[in-house]
Amino acid sequence: MTGSARPAATASVLERIGAIVGPQGLITDHRDLEPYLADWRGFYHGAALAVARPASSDQVAAVVRICAETSTAIVPQGGNTGMSGAATPPATGGGIVLQLGRMNRILELDALNNTITVEAGCILANIQQAARSAGRLFPLSLGAEGSCLIGGNLATNAGGINVLRYGNARDLTLGLRVVLPDGRVWDGLRGLRKDNTGYDLKQIFIGSEGTLGIITAAVLKLFPVPRTTVTALAAVPAPAAAVDLLSLLRDECGDRISAFEIISRRCVELVLKHIPGTREPLARAHPWYVLAELAEASEGGSLQREFERAMERAGERGLVLDAAIAASGAQREALWRIRETIPEASRVEGLLYRHDVSIPVSRIPDFIVEAGVALEHAHPGARVICFGHLGDGNLHYNVTAPAGLPAAAFVEREMSAVNRIVHDGVARLGGSISAEHGVGQLRREEIRRYKSAAELDLMRAVKRALDPLGIMNPGKVL
Ligand SMILES: Cc1cc2nc3c(=O)[nH]c(=O)nc-3n(C[C@H](O)[C@H](O)[C@H](O)COP(=O)(O)OP(=O)(O)OC[C@H]3O[C@@H](n4cnc5c(N)ncnc54)[C@H](O)[C@@H]3O)c2cc1C
């Protein structure tokens, strides 16, 4: 701990926390604090007295008890890959960041019960790997899986590329252990698929973005590892054709579709421009692409043949213009790399305004057309970077400055007006303004426009009941 001049009360809080987490569990030097004080896109920058990195649930509980006694705010943090500034402390400082990265043990893998029990600080990719070593699949998968932590995934109810078949983080969770805002521990670490003994409390904490308690461990569902996987990138003439293709594939291949992503041409161009080693995926450019993946547990089955037949039929109906089916693991990776590096390529390109929206799948083509027309009318030349998990009705609909204009100035000046067009369009079609990225600080004001007074009152009542002192991640969500 560095001993810069601090009020005695603060010094005493930090000393008490330090005594619990040990010297390697407390960061106070301002240079070492830096990575924990900003979000990965650099949109938000905050301040904190210290970062506490406890090594066990008991340590988390003891730290939280001190914070509750002293009304010290706590910002839980996982891998800090969130998209809504929810893990960044407020600029006013005065609180601590509680980072769970040291709690990274796989506690149990029960292959017969198809469950894995993990501490909240496990990196998502490590959980996938542990499951695979036991011949099981943990299907939560997203671009940040090498650095996001499962506690963060649960606190944001992360989605990713396999929601279509396996559901989001909420659907993959059977039990949780949570440290409550007063420092008590709720042990709901149960591996049960049926448990109707009252309210399903874990659901309150999943997706609560650290505002109701600290998730310290979880029991997660496992599935059979698919032995046959078919991955294809198909060019489609328009989003409506992509929706029809999804419907056709569902008719022909059933629920073996595990991912169905839409990618606009502009996204592919950004990836080719900024991500080394990427190549034009098809012989010529097309306005829209679909990246589809199908998987089944058995080996040597008929999946590939059925898929190819379905794609032929789609071609005959004009739904598919061209397609590449991955013939090897390397080709599959190359196709996925195009999809997964879009956020990074967009970041390198420059500031843009991000929307993470969900709409009933059938209405997505209407949304893309209507929002595109309205934006072009209000902001001629504004560029839309549109991609996402079409199979779940989830679009990342990002808007940036017309070519040649400074992106930062455009975003700052036009942000509210662009939001209005996009989010009102989403609301008109019965959608949600945050599909998988949460509310954080980014959408905190915005949700008040789209949620009813009754819904907001219920959310505030839950917050007051669990966190009457308001110390858990203040300024986020509500
Ligand atoms: C390249 C890239 C691709 C991405 N793709 C997707 C995607 O496809 N789908 C998707 O859903 N997201 C995606 N994300 C966003 C992000 O990865 C997810 O939101 C992820 O779940 C956040 O996990 P994290 O550990 O980084 O959490 P953080 O960013 O550290 O925290 C997120 C929120 O959770 C809270 N929190 C963290 N840990 C805990 C805990 N143990 N207990 C209570 N609260 C906690 C924080 O306070 C904060 O509110 C992507 C991000 C990147 C950078």
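A polar contact, as the term is used here, is a pair of N or O atoms within 3.5 Å. Keep that in mind for the ligand, and keep in mind too that this is a predicted model.

**Around the ligand**

Start with the backbone. Gly79 puts a backbone N or O atom 2.8 Å from an oxygen atom of the ligand, so this pair falls within the 3.5 Å limit for a polar contact. Asn80 also uses its backbone: one of its polar backbone atoms is 2.8 Å from an oxygen atom of the ligand. With Glu436 it's the side chain that does the job, with a polar atom 2.9 Å from a nitrogen atom of the ligand.

How much of the ligand does the protein cover? On its own the ligand has 980 Å² of accessible area, and the protein covers 95% of that. The space the ligand takes is the largest pocket.

There are 35 residues around the ligand, and the ones that come nearest are Pro76, Gly78, Gly79, Thr81 and Gly82. As for elements, S3, H5 and S10 give two or more residues each to this shell, and H5 gives the most, with four. Sorted by class, the shell has 15 nonpolar, 18 polar and two charged residues.

**The pocket itself**

The largest pocket has a volume of about 960 Å³. It's lined by 49 residues, of which Thr81, Gly82, Met83, Leu142 and Ala144 are the closest to its centre. Several elements give two or more residues to this lining: strands S3 (74-77), S10 (214-221), S17 (383-389) and S18 (394-400), along with helices H5 (150-155), H11 (329-340) and H12 (342-349). H5 has the largest share of the pocket lining, at four residues, just as H5 gives the most to the shell around the ligand. The pocket lining splits into 18 nonpolar, 25 polar and six charged residues.

**A second pocket**

The second largest pocket holds about 780 Å³ of space. Which residues are the closest to its centre? Out of 33 lining residues, they are Gly207, Val439, Lys451, Met459 and Val477. Three helices supply at least two lining residues each, namely H7 (202-205), H15 (447-450) and H16 (453-466). H16 gives the most here, with five residues. By class, this lining comes to 14 nonpolar, 12 polar and seven charged residues.

**Two cavities**

Searching the whole structure for cavities of 30 Å³ or more turns up two. The largest one is lined by Met83, Ser84, Arg354, Asp356, Ile433, Ser434, His437, Gly438, Leu442 and Arg443. Met83 turns up in the largest pocket too, among the residues closest to the centre.

Lining the second largest cavity are Asp39, Asn80, Gly82, Gly85, Ala86, Ala87 and Thr88. You've met two of these already: Asn80 has the backbone atom 2.8 Å from a ligand oxygen, and Gly82 is one of the residues that come nearest to the ligand.

Here are the two cavities side by side:

| Cavity | Volume | Lining by class |
|---|---|---|
| Largest cavity | about 70 Å³ | three nonpolar, four polar, three charged residues |
| Second largest cavity | about 30 Å³ | two nonpolar, four polar, one charged residue |

Definitions and conventions: Residues numbered from 1 in each chain as written. Predicted model: local features only at pLDDT ≥ 70, side-chain atom pairs only at ≥ 80, totals over all residues. Heavy atoms only, no water. 1 Å grid on protein atoms, 1.4 Å probe; cavity = no way out; pocket = protein on both sides within 12 Å on 5 of 7 lines; lining within 4 Å. Points joined across faces, edges and corners; volume = space filled by probe spheres on them. Nonpolar A, V, L, I, M, F, W, Y, C, P; charged D, E, K, R; others polar. Near = heavy atom within 4 Å. Polar contact = N/O pair within 3.5 Å; in protein donor to acceptor, adjacent residues only side chain to side chain. Areas by Shrake-Rupley, 256 points an atom, 1.4 Å probe, with all protein chains shown as cover. Sits in = over half its atoms within 2 Å of the grid points.
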